[in-house]
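Colleague: I should like to learn how features of a model such as this one are read. May we go through them one at a time?

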Amino acid sequence: MAVEHRAMAGDFPKVRLRIVLAPGVALGPGKADLLQGIAETGSIRAAGRRLSMSYKRAWNLVGELNRGFEEPLIETGKGGAGGGGGAQLTMLGKEVLARFRAVEAALASSAGKDLDALVAQAKMDIEPGGDSG
């Protein structure tokens, strides 16, 4: 879930937070949602499915997340015949997800007036994909 402020009906405006922590290390809504999905389902496959993400893409993001921090964020069990598999967040993974969500909430809280002002000035009848300038 991206940071969203609902000053009007529907799903707009939207603010999507992406934090670049170091060169090649970024955390945004997709990775945060994948972490949350793994925490809730215990499965990389199920978490990816929730996000309409291929299994390969989910695994690639898990690899990026685990390589981007001092310690892995996700632990996996051996899958395959009789293996059961499974995945869970490490303590660091839980902390990283919680801190990302806290930054999202702080941004949404502090941006309310400015978002309201921008919404009040935006054209609301432009067709998606149209020329909005």
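Colleague: Is Y55 buried or exposed, or does Y55 fall in between?

Modeller: This is a predicted model. Y55 is partly exposed, with a relative accessible area of 39%. W59 is also classed as partly exposed, at 34% relative accessibility.

Colleague: By what is a pair of aromatic rings described?

Modeller: In general, the distance of the centres and the angle of the planes describe such a pair. The structure holds one aromatic pair. The pair consists of Y55 and W59, with 6.3 Å from centre to centre and 85° between the planes. That angle makes the arrangement edge-to-face, because planes over 60 degrees apart are classed in this way.

Colleague: How are Y55 and W59 placed in helix α3?

Modeller: A general point helps here: an α-helix has 3.6 residues a turn, so residues three or four places apart point the same way. Y55 and W59 are four residues apart in helix α3, which spans residues 55-67, and about one helical turn separates them.

Colleague: Which residue has its charged end over the ring of Y55?

Modeller: That residue is R45, whose charged end lies 4.0 Å from the ring centre.

Colleague: Let us turn to the nonpolar interior. Which residues have the most contacts inside the largest nonpolar core?

Modeller: They are L34, L35, I38 and I74, in a core of 20 residues. At least two residues of this core come from each of α1 (29-41), α2 (44-50), α3, β6 (87-89) and α4 (91-110). I38 illustrates the contacts: leaving aside residues up to four places away in sequence, I38 touches S43, I44, A47, V62, I74, A87, Q88 and L89.

Colleague: Where is D33, and with which side chain does the side chain of D33 make a polar contact?

Modeller: D33 is in helix α1 and counts as buried, at 19% relative accessibility. Its side chain makes a polar contact of 2.8 Å with the side chain of R101.

Colleague: How should one read the two sides of a helix, and which residues of α5 are buried?

Modeller: One asks where the buried residues lie around the axis. In α5, the buried residues are G112, L115 and V119. They are on the same side of α5, because the arc they cover around the axis is only 65°. K113, D114, L118, A120 and Q121 are exposed on the other side of α5.

Colleague: What covers the buried residues of α5?

Modeller: The cover includes β2 (14-15) and α4. L115 belongs to α5, residues 112-121, and is buried at 12% relative accessibility. L115 and V15 are 100 residues apart in sequence, with 9.2 Å between their C-alpha atoms.

Colleague: What share of the contacts with a separation of 6 or more joins residues 24 or more positions apart?

Modeller: The share is 44% in this chain. Buried residues make up 31% of the 133 residues.

Colleague: How many helices and strands does the chain have, and in which order do the elements run?

Modeller: There are five helices and six strands. From the N terminus on, the order is β-β-β-β-α-α-α-β-β-α-α.

Colleague: Finally, which residue other than glycine has a positive phi near 55°?

Modeller: That residue is S52. S52 is in the loop between α2 and α3 and counts as exposed, at 72% relative accessibility.

Notes:
Residues numbered from 1 in each chain as written. Predicted model: local features only at pLDDT ≥ 70, side-chain atom pairs only at ≥ 80, totals over all residues. Heavy atoms only, no water. Phe/Tyr/Trp six-rings, centres within 6.5 Å; stacked < 30°, edge-to-face > 60°. Buried < 20%, exposed > 50% of the residue type's maximum accessible area, 1.4 Å probe, protein only. Lys NZ or Arg CZ within 6 Å of the ring centre and 35° of its normal. Core = buried A, V, L, I, M, F, W, Y, C linked by side-chain atoms within 4.5 Å. Contact = heavy atoms within 4.5 Å. Polar contact = N/O pair within 3.5 Å; in protein donor to acceptor, adjacent residues only side chain to side chain. Arc of directions from axis to C-beta.
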